[in-house]
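Subject: A structure for you to look at

Hi there,

Here is the structure I promised to pass on. Have a look at it first, and then read on for what I found.

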Amino acid sequence: MPKNNNFRLPSLKDAQIRTKETVKIEHNLFKLPEPTRNLGVGRKFFLRTYGCQANERDSETIAGILLEMGFTRTDFEEEADFILLNTCAVRKNAEDKVLGELGMLKKLKTKNPDLMFGLCGCMAQEEEIVQLLLKKYPQVDLIFGTHNIHRLPELLYNAMMTKEKTVEVYSKEGEVIENLPVKRFGKHKAWVNIMYGCDKFCTYCIVPYTRGKERSRLMNDILAEIQELKDTGYKEVTLLGQNVNAYGKDLDIENGFATLLEEVAKIGIPRIRFTTSHPWDFTDDMIDVIAKYNNVMPAIHLPVQSGNSGMLKIMGRRYTSEEYKSLYDRIIAKIPNCTFSTDIIVGFPNETDQQFQDTLDMVDYCKYDLAYTFIYSPREGTPAARMEDNVPMDVKSERLQRLNEKVGLYSNMNNQKYVGKVVRVLVDGLSKKNDQVYSGYSEENKLINFTGSQVQEGDIVKVLITDVKSWSLNGEVVE
Ligand code: SAM
Ligand code: SF4
C-alpha cells in the first residue's frame, strides 16, 4: 500500500510535454490487491459524471472496479458511503457546477462522518483546481486523475484506512491499460475507446493537458471488444477518441482510422458511430468507408469552431474555412443522406463582427442538424488564456443567441424533410416524458418519439414520421 501524505500533484507544464517514446500496452496490469478485495462489501457508492463521452466511458470502468471490490451502486447521495464526482474541465461553468455540488454535499458528512468524498477526471489534472480543493474543500478525501483510474482500489483503501487526504495525479500519461473491469451503463449501445489523449493543442483547449498524448489501442484489442459486444447482443457501438481519425498514427498504421472503421464494419454489428473526428484528419478513404458500409451511420460530428480562416488560424485548428467547406462538399457528394453536427465557439479573444458573421455564413453553408455552441472560456495554461480579449461579455452573449437562433432554424428545416418518410430506429425504451411513447435514434442520429405495439428496448424498428419539432421527430411504427 502506498504511504499516506505522499501527495502527487499535477503540473500543466509537465502535461504538455510530448515525447516520441512508444507507449506500452499492458494487458495484465490490473489485479485487485488482497486487502482491497472486499473493501466495498456492505458499502454503497454514488458516481456522478460530468462532460464528454470519454468521461462516461471512464465512469463505466470506475463502476466496474468498485463493483469488483464488493460495493453496490446507489442513485441516492444520502445512501452512499463513497461519493465520487468524475469531472470535466473544458469550460469554467463545468467546473463551477462541480464546486457547487461539493458545497451542497458537504452536509452529508455531518450525518455520516465515515462518508468518503472523491474527485477524479479532468479537473483533477489541473494544478490550480487541486490547490483550491486542498485549501477550501476539506470534505474531499480522495483525488485522482485520468491516467491512474486503475489505481483506484489502492488509493481508496489508503484514504479509508488512514482517514487522511489522498491525492495521486499523474501529469504524464502512462501505459494503455487493457482488460480493466467495466460496468456498461447501456444495454444495447456501448462506447468503445479506440484511442486516448490529443496532440492537436488547439490554443483554447485544456484537453491535451488533461488527457495526455495520443495513444492508440491495438486494432486487435478493439476488434475483439466489438466482437464480444456483438455476441452479447449489443446493437450499436460508438468509437471514441478526442480525435478518432488520428487513430493509428502513433502505431505507424497507414490510413489508420479508415482501416479500423472498415474492419469494425465487417464484424457486422448493426450500427457504428464515431466521435470526435477532426476536420484536418478527415480523409477521402474515410468517406469511402462510411459510404460503402450500411452499418456505418450517416451522421458525422465535425466540429468547425469558427467560420473565419483568420480565427481558425489563431485557434490552431489547421484548416481554413474553404477547406472545411470542401470537406463538407466531398462528404455530401458521396453520402447524400448524411447529417452533420458541430461545435462552435463564439467570443474568442478579439473576434470581430465580420469574423462572427463568417461563422453565421458557415452555418448557412452546412445547414447543421445540431450544433453545440459555447462562449469562449479561458483555460489556465493554454495559449489563448494569455491573449488579450476586447470582446465584452454582452456582445459574446448576443452572438451566442443569434447563432443559436440560426442553428434552431436549420434543425427545424432539416427535420421537416423527414415528414412522410420511414426511418429505422434503435429503441432506447419508453420516453422519459410520456410512458405511452417510445424513444430512440434514427440512423441519421435524429431523436424519434413514436407509438407502436410489441416494441422492445434494443429492437430496430421502422417508423413513419408524422410530425416534427425543432430537436426531435414524432412517428408511428410501420412494421
Ligand atoms: N476533440 C474534440 C474536437 O476537436 O472537436 C472536442 C473536445 S472538447 C471536449 C468539445 C468542445 O468544447 C470543442 O469542440 C470546443 O467547441 C469546446 N471547447 C473546448 N475548449 C473550450 C473553451 N476553452 N471555451 C469554450 N469552448 C471550448
Ligand atoms: Fe481540444 Fe482541439 Fe484536441 Fe479537440 S482537437 S480535444 S478541441 S485540442
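Let me start with ligand 1. Two strands, β15 (339-346) and β16 (370-375), each supply at least two residues of the shell around ligand 1. Please keep in mind throughout that this is a predicted model.

The shell of ligand 1 counts 15 residues, and those that come nearest are Q242, P303, Q305, D343 and S377. Sorted by class, the residues around ligand 1 are seven nonpolar, four polar and four charged.

Some polar atoms are worth finding on your screen. D343 has a polar side-chain atom 2.6 Å from an oxygen atom of ligand 1. For R317, a polar side-chain atom lies 3.5 Å from an oxygen atom of ligand 1. With S377 the backbone is involved: one of its polar backbone atoms is 2.7 Å from a nitrogen atom of ligand 1. How much of ligand 1 does the protein cover? On its own, ligand 1 has 560 Å² of accessible area, and the protein covers 91% of it.

Now for ligand 2. The residues around it include C198, C202 and C205, along with K200, H278 and R317. Q242 is also among the residues around ligand 2, and you have already met Q242 as one of the residues that come nearest to ligand 1. By class, the surroundings of ligand 2 comprise seven nonpolar, three polar and two charged residues.

Next, a single residue to zoom in on: S321, which is found in helix α12 (residues 321-334). Is S321 buried or exposed? S321 counts as buried because its relative accessibility is 4%, and the cut-off for buried is under 20%. Leaving aside neighbours within four places in sequence, S321 is in contact with G307, S309, L312 and M362. With G307 there is a polar pair too: a polar atom of the S321 side chain lies 3.4 Å from the backbone oxygen of G307.

Finally, try tracing a sheet. Six strands make up an open sheet with parallel pairing, in the order β3-β2-β4-β5-β6-β7. Its edges are β3 (72-73) and β7 (166-168), and each has a single partner strand, so one side of each is left without a neighbour in the sheet. Strand β6 (residues 142-144) runs parallel to β7 and is joined to it by three bridges. In one of these strands, β7, you will find T166 as the bridge partner of L142.

Enjoy exploring!

Best wishes

Terms used. Residues numbered from 1 in each chain as written. Chains lettered and ligands numbered in written order. Predicted model: local features only at pLDDT ≥ 70, side-chain atom pairs only at ≥ 80, totals over all residues. Heavy atoms only, no water. Helix = DSSP H or I, 4+ residues; strand = E, 2+ residues; numbered from the N terminus. Buried < 20%, exposed > 50% of the residue type's maximum accessible area, 1.4 Å probe, protein only. Polar contact = N/O pair within 3.5 Å; in protein donor to acceptor, adjacent residues only side chain to side chain. Contact = heavy atoms within 4.5 Å. Near = heavy atom within 4 Å. Areas by Shrake-Rupley, 256 points an atom, 1.4 Å probe, with all protein chains shown as cover. Nonpolar A, V, L, I, M, F, W, Y, C, P; charged D, E, K, R; others polar. Pairing = 2+ DSSP bridges.
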